[in-house]
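Biologist: I keep tripping over words like pocket, cavity and core. Could you take me through what earns each label here?

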Amino acid sequence: MSKKYLIETFGCQMNDLDSEKIAGNLQRHGMVSATDPSEADIIILNTCSVREKAVQKVYARLGEIKRQKNIRQDLVVGVVGCMAQLESDSILKKAPYVNILAGPQKSQVMTELVERTIRTGEVAVDLRMEEDLESVETSYVMRQNRWRASVMISEGCSRRCAFCVVPSTRGRERVRPSEAIIREAEELVAKGYVEIVLLGQTVNSYRERTGNRMSFPQLLERLSRIEGLKRIRFTSPHPADFTDELLEVMISRPQICNQIHMPVQSGSTRILRAMRRGYTRERYLEIIDRIRQAPREVAISTDIIVGFPGETEADFEDTLSLLDAVQFDSAFSFKYSPRPNTAALNLPGEVPEEEKGRRLEKLQERQKLIQYNKNAAYLGRRLEVLVDDRARNRFDLTGRASDNRIVNFDGPESLMGKFIQVEITGFGPNSLKGVWINSAAVKQ
Ligand code: SAH
Ligand code: F3S
């Protein structure tokens with residue numbers, strides 16, 4: 001009988017895509033997906049190590065899995081992804097029953113690792129960092145969604161932000177040939193996908209050194225010419241690589257969504273320097289100004305860290321005033337978490353945990369009010385929504401507007417995967433609600 005696997009994914013969109021690739025590899029070799037951990041022969045945790053909290057979550061989950069493993073000795077347990085790459089020794093110490101340890105680029109060899117540990121009864125380990133892009137060229141991807149697909153355009157990161165562990169888990173940036181990206185996008189459209197999300201740690205630093213020698217704006221422009229591809233998103237651009245050319249391509253191609261997620265991290269130039277971000281507060285605001293002046297309305301979202309070493313009350317106030325100045329459409333905010341192999345570990349001025357908590361709460365309150373006010377302005381507007389899923393709240397369905405706003409409304413399930421018009425009748429800080437206007441009225 002075919003073996004059943006279950007993959008549990010922690011962390012970012014890149015990890016979601018890696019999990020789809022792992023699933024593709026396992027299915028290609030005859031395994032089938034389990035819906036419940038109790039019926040799985042293989043449980044794979046695809047992990048994140050960007051903050052300590054994400055790591056603790058995995059250890060907690062491993063504790064639960066241990067109970068299953070006590071009952072079913074032949075259960076194969078894999079820990080893969082960034083945390084496995086970073087702290088394999090500690091995983092083996094805390095969870096000696098783990099059978100597979102593999103880094104983030106190992107989807108193509110997952111079946112091999114499963115078979116090896118079953119055959120030998122020993123831990124199958126593959127933590128070698130890939131220098132080439134072979135691991136990225138995966139043709140077997142078991143995608144979760146039938147109309148939106150993520151496409152990796154680069155892997156790793158060559159920046160060295162003082163707080164960030166990603167360069168040591170995913171390695172230096174390698175860019176994928178534009179031809180392969182374009183081919184994948186065309187194949188996705190042929191299969192019925194209407195939206196693609198381009199992924200890279202600093203997605204806009206994409207530049208091909210050989211072949212077509214495409215820059216990121218050129219790649220975007222080329223992809224926007226694929227017939228049938230209705231929406232293109234990308235995440236996340238780095239402010240230091242943001243160019244006027246990129247903005248111009250975005251504005252001139254309606255397929256490129258009205259959305260930019262551009263992490264700022266802090267509103268204090270002093271802290272940005274300590275973080276080694278490569279831009280100042282003023283430079284970030286200048287880019288925002290340019291985006292705001294564009295003839296098309298573009299939603300802007302961001303990531304923020306509070307309590308970075310040395311962050312004073314005045315630095316934190318600078319971050320709050322940046323929120324006021326930019327009026328982000330949404331923001332992910334985090335307490336600084338010290339990570340292994342990062343430069344910030346050696347910085348003085350640790351901010352106490354309690355103070356980090358206070359700052360985070362204050363920031364989130366301020367941002368919530370901004371979002372509430374921004375969303376209020378959508379009342380009465382009509383948005384084109386790609387229907388995504390059943391809603392988690394009292395509405396039937398949920399979808400996203402081009403600017404990435406979540407829109408909830410009532411309607412039949414047959415609308416899933418379709419573009420419809422929704423008139424906005426209500427709002428909250430994190431989503432809009434509305435009524436579905438006959439899909440026949442949609443201009444495509
Ligand atoms: N370049 C990536 C960022 C990866 S990490 C991208 O945007 O695609 C995602 C976010 O986690 C970062 O933008 C940052 O805000 C946050 N983060 C990273 N390291 C952190 C740390 N040590 N403590 C707290 N937050 C962190
Ligand atoms: Fe991390 Fe900075 Fe790269 S946040 S992923 S080192 S751009």
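Modeller: Sure, cavities to begin with: on a 1 Å grid over the protein atoms alone, a cavity is a set of points where a 1.4 Å probe fits but cannot get out, while a pocket is an open set with protein on both sides within 12 Å along at least five of seven lines, and lining residues have an atom within 4 Å of a point. Grid points are joined across faces, edges and corners, and a volume is the space filled by probe spheres set on the points. This is a predicted model, so local features need pLDDT of at least 70 and side-chain atom pairs pLDDT 80 or more, whereas totals for chains, interfaces and linings use all residues. Residues are numbered from 1 along each chain as its sequence is written, chains are lettered from A and ligands numbered from 1 in written order, and side-chain values use heavy atoms, without hydrogens or water.

Biologist: How many cavities of 30 Å³ or more does that rule give?

Modeller: The count is 4. The second largest cavity holds about 50 Å³, and its lining includes Asp 18, Asn 46, Lys 106 and Met 110.

Biologist: What makes that lining 4 nonpolar, 4 polar and 2 charged?

Modeller: Ala, Val, Leu, Ile, Met, Phe, Trp, Tyr, Cys and Pro count as nonpolar, Asp, Glu, Lys and Arg as charged, and the others, Gly among them, as polar. Among the lining residues are Ile 22, Gly 81 and Asp 18, so by that rule they are nonpolar, polar and charged in turn.

Biologist: And what volume does the second largest pocket have?

Modeller: About 760 Å³. Of its 31 lining residues, the closest to the centre include Arg 296 and Glu 384. By class, the lining has 12 nonpolar, 6 polar and 13 charged residues.

Biologist: Why is Ala 102 called buried?

Modeller: Buried means under 20% relative accessible area, exposed over 50%, partly exposed in between (1.4 Å probe, protein chains only). Ala 102 has 0% relative accessibility, so Ala 102 counts as buried. Beyond four places in sequence, Ala 102 is in contact (heavy atoms within 4.5 Å) with residues including Val 79, Leu 113 and Leu 127.

Biologist: What makes a set of residues a nonpolar core?

Modeller: Buried Ala, Val, Leu, Ile, Met, Phe, Trp, Tyr and Cys residues, joined through side-chain atoms within 4.5 Å. The largest such core has 63 residues, with Leu 198 and Leu 223 making the most contacts inside it. A second, separate core of 23 residues includes Ala 34 and Tyr 59.
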